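Hi,

Here is the structure I promised to pass on. Have a look at it first, and then read my notes underneath.

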Amino acid sequence: MKPLKIVIVTKNVYPMLHPRSHRSSQLAFGLADAGHDVTVYALLGNSFDYKVYQKNRNIKFKNLGKSKLGLADSENNSNRTIFNRGMKRLFWKVFMYPDIEMVPMIRKALKKEKDIDILISIAVPYINHFAIAGMKKINAKCWISDCGDPFTKNPFHKMPHHFEYFERKWSKKTDYIVVPIEEAKDGYFQEFRDKIKVIPQGFNFDDIKLADYQKNTIPTFAYSGATYKDLRDPSKFLDYLLGLNKPFKLIVYAKGGLFAQYTNLLGDKMEIRDYVERDKLIYELSKVDFLINIKNKSGVQQPSKLIDYASTKRPIMTISSDFEDSEKSVFNEFLEGNYTNQTIVENIERYNIKNVAKEFVKLYEFKK
């Protein structure tokens, strides 16, 4: 196959540390490394030098512009004035302020591009999809909309019903809707299910480096990622740890959240660290005895960190927000080094970015 012209529209890419910026960056690199001509539009910032990624591969990073309404760029800079924060609080659920600022940026960028083979728009925010759906003409042979979480049916962020109009319009116009897991299909309108394809989160396995694991003197386990009250909630698990009369060490990679409420209570038994780059995170996680995964109460979403966890080669224990008695028993087994009931991530090669990139190209071939 001759190289395809592929344009990716997203909000953020590396160095932003966020699941969707990882998705955007890794997908762009994977498609470029496969020999395609890739252009990425995003809010880039001013200082990061993308030349290192553009060297020896046919990829270009182009800046959508600079946000005036408070959107963070890929270097996490933002114009977060008191006015912008107040406007977001008042109007995000009315007309997606400040995400709506992306609409003219995206349309202006795409009008410059001709003869696109594959156009990939990546959410969040969903305004990236809606901006394209509102264009009179899309200069692409195949438009693929990549989604991490559902929109109006997202149990973590309830949206007003008037947004269903925009979601239906977009769903009707796009060629494909890509979701990371089969269960996610339930988060979209039934009449568009034939457009939904499952392509998991992809990662570059070639860059993974693991520590030389040695069993820790004190049972040491770790958690990485966001938490949500009642939906992906560690509170009952942490309450159990408070009453546990055994030595242990919990390392948490998170920005505050629900874990922060237990900092003083658990003392030196819990250490909260800031987010780090994925490669470094996997290396650090490979040093602990086992990893904690908190499953979502919603069946339409799955934490992408499970692939990161599997890459560490360390045992994974999956718990629920309710942390029931059966889970307590399994956790005690883990503390003793018995990992019989660990979570196994099947077919890890599915998540190799080389295979993920091929799946996107297959959609184009099928439509053609």
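In strand S6 (residues 176-179), the side chains take turns: Tyr 176 and Val 178 point one way, while Ile 177 and Val 179 point the other way. Whichever way they face, all of them are buried. Keep in mind that this is a predicted model.

S6 has a strand to pair with in S5 (residues 140-147), in the parallel sense and over 3 bridges. Look for Asp 146, whose bridge partner in S6 is Val 178. S6 also pairs with strand S7 (residues 196-198), again in the parallel sense over 3 bridges. There, Ile 177 has Ile 196 of S7 as its bridge partner.

Next, try helix H3 (residues 82-95). How far apart are its end C-alpha atoms? They are 19 Å apart, which agrees with the 20 Å that 14 residues should span at 1.5 Å a residue. H3 does bend, by about 45° at Arg 89. Just after H3 comes Met 96, with a positive phi of about 55°.

Last, the second largest pocket, which holds about 490 Å³ of space. Its lining has 22 residues, and Gln 26, Phe 29, Tyr 53, Asn 204 and Asp 207 lie nearest the centre. Helices H1 (19-33), H9 (278-285) and H12 (353-367) are the elements that each give two or more residues to this lining. Which of them gives the most? That's H1, with 7 residues. By type, the lining splits into 7 nonpolar, 6 polar and 9 charged residues.

Cheers

Key: Residues are numbered from 1 along each chain as its sequence is written. This is a predicted model: local features need pLDDT of at least 70, side-chain atom pairs count only at pLDDT 80 or more; totals for chains, interfaces and linings use all residues. Side-chain values use heavy atoms; hydrogens and water are left out. On a 1 Å grid over the protein atoms alone, a cavity is a set of points where a 1.4 Å probe fits but cannot get out, and a pocket is an open set with protein on both sides within 12 Å along at least five of seven lines; lining residues have an atom within 4 Å of a point. Grid points are joined across faces, edges and corners, and a volume is the space filled by probe spheres set on the points. Helices (H or I, at least four residues) and strands (E, at least two) are DSSP runs, numbered from the N terminus. Ala, Val, Leu, Ile, Met, Phe, Trp, Tyr, Cys and Pro count as nonpolar, Asp, Glu, Lys and Arg as charged, and the others, Gly among them, as polar. The expected span of a helix is 1.5 Å times one less than its number of residues. The bend at a residue is the angle between axes fitted to the seven residues ending there and the seven starting there. Buried means under 20% relative accessible area, exposed over 50%, partly exposed in between (1.4 Å probe, protein chains only). Two strands pair if DSSP finds at least two bridges between them.
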